[in-house]
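Let's take a walk through this structure together, starting with its sheet and moving on to what packs around it. Keep the view open as you read.

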Amino acid sequence: MAADNAVDTALDRPTGSAAARLAALADERVDHRFKGLPPDAEGLTVGELAAQRRNLFTGGFTTPVLALSAERLEHNLALMETYAERHGLAFAPHGKTSMAPQLFARQLERGAWGITLAVPHQVRVAREFGVSRIFLANELVDAAALRWLAGELDSDPSFRFICYVDSVRGVELMHAALGEAGASRPVDVVVELAAGDGARTGARSEAECFEIANAVAAADTLRLVGVAGYEGEVPEASTANVTAWLRRLVALLADLDKAGRFTDLPEVVVSAGGSAWFDAVASVFAEIPALSLPVLKLLRSGAYVSHDDGHYRHLTPFNRVPEEGALEPAFRLWAQVVSRPSSEQAFTNAGKRDAAYDLDLPEAQVVRRGGVERPATGVTVTGLSDQHGWLRTSPEAELAVGDWLGMGLSHPCTAFDKWQLIPVVEADGTVTDYVRTFF
């Protein structure tokens, strides 16, 4: 994937034992750990079950079961690859969304620079499966994790790791832990600029950012390589407000460069970009003036891989720039109607253990009965218990006990994490693969 003025944008690919571990996911045995899978498949390997190409609706799958559309997944992967190339961005999709090494591999095959992650455990998963470039979009001050990281960097010269710093205290803790670990390679860090006074992490002012940069310069265990932040936390976010903050981020990069804070580097890094404002990121990053070094413009959007039928359907930048394409919701949760106590109420067997619900409730989309699928007219999900979905039904709803209800979900990050093994399904219901998650 192209990155304007970026140096070293070769693809990451699992090699050797890492590639073998990725392939070995197909050798895992199907058993009671994996909900929704056919009971008669117990003892088969995942690869053997996939080779049977069972149908999701007639092949013995039990409800509830989450399905990932093969066609829509591929569409989304291709669309963001093209988008990043068009705008001269390097792409490090946020892996916390899926925590699925198979999807990491497909993102890397689609030209991603690397994978973004949020906490040390996620980094360990990615390293286990051969990811050689990782951007940790978070501060890292855990001594045990830093000791492990020092070992990874020392043992693998090809491993590139970057993380946030947003305080002098954080720099001091990192330096102490890495020093005690005897780290031979410095850890690359970017100063995180907060998106506002009431935002999440990040230094609140440019003056603080310079203090942090000075602290990094005094620590031989660290190396300052750029700036970063998360525009999704901008208060009262709008195109104008997000753009203004992104220009502050770019100006900070330029000021640090002018002050000579970047030394002995092949490139400097500027990174932003969740799933709601990457159009603004692309626009502002295109304005970056010439600096003393090439600039790696790193976009981190993650929810695109499955998209959704709620939160991101409304927020996606493609709503503002429809000429650039459109993401497609790839998830569908199938549940069964298990109770119809009145003409106005019904219950499914999918609840909080199965569906994302932190941003929006599931959306009733289709009803399936006897092999025939029809729109879920008059059916609304009104609540979730641990193992039940509450439905309100209007007079036009044609719903009976035993029907399968297909639902769209909101917020991919809290949908993936409820399922360890997710069927990948073609439009006719044929299951072609299974995606393993590691939360």
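A good place to begin is the open sheet of 8 strands, whose order is E2-E9-E8-E7-E6-E5-E4-E3, with parallel pairing. At its edges sit strand E2 (90-91) and strand E3 (115-117), each of which pairs on one side only. Please bear in mind that this is a predicted model.

Now look inside the sheet. Strand E5 (residues 160-165) and strand E6 (residues 187-192) run parallel and are joined by 4 bridges. Here Val165 of the chain stands opposite Val191 in E6. Helix H9 (residues 239-258) packs on the sheet, where it touches strand E7 (222-228), strand E8 (268-272) and strand E9 (295-299). The direction of H9 makes about 165° with that of E8.

Next comes the packing of nonpolar side chains. In soluble globular proteins, such side chains tend to be buried together. In this model the largest nonpolar core has 131 residues. Which residues have the most contacts inside it? They are Met80, Leu117, Phe135, Phe161, Val187, Val189 and Leu222. Helix H9, which you met on the sheet, gives the most to this core, with 8 residues.

Leu117 deserves a closer look. Leaving aside neighbours within four places in sequence, the residues in contact with Leu117 include His94, Lys96, Met99, Phe104, Ile134 and Phe135. Phe135 is thus a contact of Leu117, and both are listed among the residues with the most contacts inside the core. A second, separate core has 18 residues, including Phe34, Leu37, Val431 and Tyr434.

Let's turn to the aromatic rings. Across the whole structure, a search finds 12 aromatic pairs. One of interest is the tilted pair of Phe129 and Phe438, at 5.5 Å centre to centre and with 50° between the planes. Phe129 lies in the loop between helix H5 (120-128) and strand E4 (133-139), while Phe438 lies in the segment after strand E18 (431-436), so the pair ties together parts that are 309 residues apart in sequence. Are these two rings buried or exposed? Phe129 is buried, because its relative accessible area is 9%, below the 20% cut-off. Phe438 counts as partly exposed, at 22% relative accessibility. Elsewhere, ring pairs link Phe57, Trp334 and Trp404 into a cluster.

Finally, a word on confidence. The protein chain averages a pLDDT of 95, and 96% of the residues score at least 70. Over residues 1-14, however, pLDDT stays under 50, although the model has 53 contacts beyond four places in sequence for them. Where pLDDT is low, the predicted coordinates should not be read in detail.

Key: Residues are numbered from 1 along each chain as its sequence is written. This is a predicted model: local features need pLDDT of at least 70, side-chain atom pairs count only at pLDDT 80 or more; totals for chains, interfaces and linings use all residues. Side-chain values use heavy atoms; hydrogens and water are left out. Two strands pair if DSSP finds at least two bridges between them. Helices (H or I, at least four residues) and strands (E, at least two) are DSSP runs, numbered from the N terminus. Contact means heavy atoms within 4.5 Å. Axes are lines fitted to C-alpha atoms, for helices over the stretch in contact, and angles run from 0 to 180 degrees between N-to-C directions. A nonpolar core is a set of buried Ala, Val, Leu, Ile, Met, Phe, Trp, Tyr and Cys residues joined through side-chain atoms within 4.5 Å. Buried means under 20% relative accessible area, exposed over 50%, partly exposed in between (1.4 Å probe, protein chains only). pLDDT is the predictor's confidence in each residue, from 0 to 100. Rings of Phe, Tyr and Trp (its six-membered ring) pair if their centres lie within 6.5 Å; planes under 30 degrees apart count as stacked, over 60 as edge-to-face and the rest as tilted.
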